[in-house]
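Visitor: Please show me the structure, and then I will ask about its pockets, cavities, salt bridges and cores.

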Amino acid sequence: MTNTLSRREFLERSACASAMTGALPSSDSAARLSPASQDHASPSASADAWFAGPTAGRSVVRASQAMVATSQPLASQVGIDILKRGGNAVDAAIAVAAMLNVTEPNMTGIGGDCFAMIYVSKTKKIDALNASGRCARALTLDHFTSRKIAQMPLSGMDTITVPGAFDGWLTVLEKYGTMKFADLVAPAISYAENGFPVMEKIAADWLPEVPKLKQDAAAAATYLVNGGAPQPGTIFTQKNLAKTFRTLVKGGREAFYRGEIARAIVDYCQKNGGFLSMEDFAAQKSNWVEPISTTYRGHTLYELPPNNQGLTALLILNILEGLDLKGMRNDAVLYYHTLVEATKIAFADRNRFIADPAFAKIPVKELVSKDYAAKRRALIDPKRAIDPPSYGDVQMGSDTTYFTVVDKDRNAVSFINSLFNSFGSGIVAGETGIMLHNRGSGFSLDPGHPNKLEPGKRPFHTLIPAMVLKDGKLLMSYGVMGGDIQAQGHSQVLVNLVDREMNLQQAIDAPRVRYISGKGVMLEDTLPANVIDGLVQRGHERVLPPAGIKHRALMGGGQAIMIDPDTGALSGGSDPRKDGIAIGY
């Protein structure tokens, strides 16, 4: 069975929509899948050549000193330039974040949120930052219930939360950086003022957003060229954004959260039916948090704790660890079926439990335990796709840019910055050039759900940077951008490296599966036809992308840097599903 979705249907049916609505799937009883390899007949390829991974379209990038991997070549180059000038990984990360605001304006910017992990080589410790914004204090559930709105909208004023990214940039820089913000943002200002050539992938992503941008006069004036999307190679300028960056160089955090930029955003929102206030901006503060982790076959994966979905990747890997994935090398259908089912089970818990821990008690320790994973693993039926299970019984005790940097001292940054959906809320704050995100779409309007909308609360977040340690040392800094694909991408890339023993570029290139909701799953069209047919025969419903959009566009974009534990050499991979590149020296 296949199902083609409209663009809006895809956004609403994607698994993160379950978290927004608070929908709780029905329970299901299923046969057990034993840890041993299963001997089931299937229409998958008999040979195991697929298991070793695809022939990568590009080589792994290798370097001895430092490396940057981003989704946009100019941003990667800016990061390397900072490193060559003596900046550290954090300095380069902030320069890259600013540059991506310019070169990938549909995905990221200071109108959004960010999360970061910083690995400090001297201490071999990971520090993590949550720089997500909060709901306007004037916005309550009553606003929606009185209008008989049962689900959060995907764009518009109601979806705008306080942008947390800029405070996050400065917070990271103040603690770990060595260079001045003015020097780090200078390349972004130059490219915003003078223009940059639009890349192919960004141009393709821009085109379907034209109707959305036309709904807001400031957005249309800022991001449309003669009423349409820019073509590849178009020199695109953002002079208002350049002006805003110059203001922030002079005024810093005060200008954005208490001064003229905050005032410009608040005035525009309130004049157009929005809810943000100067008090909301003044109260914004990033938080240093303790990363959460699990082990997977001798590797330790670190993620950020709720309110973001990093927990989900840990849940998936805990379920998979008890299964013999290598034993499935002769049965591609069973292998991909197992990935989907583990994800489906993990998402049932994700959609129920993840919320702002300041407003809800979240049983993180219990959820990431191996005993809990064993109970959830038992739900998998190797012969058929199960209905989404209920969330587990625990005892209480989007469009995005991801990039990573490793410097000469082997400090590392895993960084993700986002507007959520493409061009976020679709609203530019007047003449600031700032596209405001729609992260409020991540709230539930179910008054009984932990993730329900509340004033001053952070919504469920899809953004998750990650790091992997082995034997107490940093092995990899990585992430896979793309809404609810992120946790799935983290687990699939790590499985490709550990179980399938692929090199880094192969692990990123390999075909992905993306669980949507119910029995619906996107199957990348680079999978063999007989594997896709076999999954459909097992009861999976293949979800096709909206018209004019390819599967690859919805399978996320991975960036990764690995450190050779023996030589210290760096290897980098960048996803061909995006425009990006890894660069080292």
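Visitor: What is the volume of the second largest pocket?
Guide: The model is predicted. Of the 13 residues that line the second largest pocket, those closest to its centre are Tyr119, Lys473, Leu474, Ile563 and Pro565. The space in this pocket comes to about 280 Å³.

Visitor: Which element gives the most to the lining of the second largest pocket?
Guide: By class, this lining divides into five nonpolar, two polar and six charged residues. The element that gives the most contributes three residues, and it is strand E16 (residues 473-481).

Visitor: Which elements give two or more residues to the lining of the largest cavity?
Guide: The largest cavity holds about 50 Å³ of space. Its lining consists of Leu315, Asn318, Ile319, Ile345, Asp349, Leu367, Ser369, Tyr372, Ala373 and Arg376. Two or more of the lining residues come from each of helix H14 (310-321), helix H15 (332-353) and helix H17 (370-377).

Visitor: How many charged residues are in the lining of the largest cavity?
Guide: Asp349 and Arg376 are among the lining residues, and Asp and Arg count as charged. Beside six nonpolar and two polar residues, the number of charged residues in this lining is two.

Visitor: How many charged residues are in the lining of the second largest cavity?
Guide: This cavity has a volume of about 40 Å³. Its lining includes Asn101, Thr108, Tyr223, Leu241, Leu419 and Met435. The lining divides into seven nonpolar and five polar residues, and the charged count is no residues.

Visitor: How many residues apart in sequence are the parts tied together by Glu174 and Arg253?
Guide: The side chains of Glu174 and Arg253 form a salt bridge, 3.1 Å from N to O. Glu174 lies in helix H6 (residues 165-176) and Arg253 in helix H11 (residues 239-257), so the pair ties together parts whose separation in sequence is 79 residues.

Visitor: Is Glu174 buried or exposed?
Guide: A residue counts as exposed when its relative accessible area is over 50%. The relative accessible area of Glu174 is 56%, so Glu174 is exposed. Its partner Arg253, at 29%, is partly exposed.

Visitor: Which helix holds Glu193, the partner of Arg246?
Guide: Arg246 and Glu193 meet through their side chains in a salt bridge of 3.1 Å, N to O. Arg246 is partly exposed at 39% relative accessibility, and Glu193 is partly exposed with a relative accessible area of 22%. The two residues are 53 apart and link distant parts of the chain, with Arg246 in helix H11 and Glu193 in helix H7 (residues 181-194).

Visitor: Which residues are joined into one network by salt bridges that share partners?
Guide: The whole structure has 22 salt bridges. One of them pairs Asp409 with Lys408 at 3.3 Å, N to O. The network built through shared partners joins Arg512, Glu524, Arg552, Asp575 and Arg577.

Visitor: Which helix gives the largest share of the largest nonpolar core?
Guide: This core has 118 residues, and Trp169, Phe245, Phe256 and Phe415 touch the most other members. Leaving out residues up to four places away in sequence, Trp169 touches residues that include Ile94, Ala97, Phe181, Phe245 and Phe415. The largest share of the core is 12 residues, from helix H4 (residues 89-103).

Visitor: How many residues are in the second, separate core?
Guide: In soluble globular proteins, nonpolar side chains tend to be buried together. The second core includes Val340, Ile345, Ile386 and Val493. Ile345 is also among the residues that line the largest cavity. The size of this separate core is 66 residues.

Methods. Residues are numbered from 1 along each chain as its sequence is written. This is a predicted model: local features need pLDDT of at least 70, side-chain atom pairs count only at pLDDT 80 or more; totals for chains, interfaces and linings use all residues. Side-chain values use heavy atoms; hydrogens and water are left out. On a 1 Å grid over the protein atoms alone, a cavity is a set of points where a 1.4 Å probe fits but cannot get out, and a pocket is an open set with protein on both sides within 12 Å along at least five of seven lines; lining residues have an atom within 4 Å of a point. Grid points are joined across faces, edges and corners, and a volume is the space filled by probe spheres set on the points. Helices (H or I, at least four residues) and strands (E, at least two) are DSSP runs, numbered from the N terminus. A salt bridge is a side-chain nitrogen of Lys or Arg within 4 Å of a carboxyl oxygen of Asp or Glu. Buried means under 20% relative accessible area, exposed over 50%, partly exposed in between (1.4 Å probe, protein chains only). A nonpolar core is a set of buried Ala, Val, Leu, Ile, Met, Phe, Trp, Tyr and Cys residues joined through side-chain atoms within 4.5 Å. Contact means heavy atoms within 4.5 Å.
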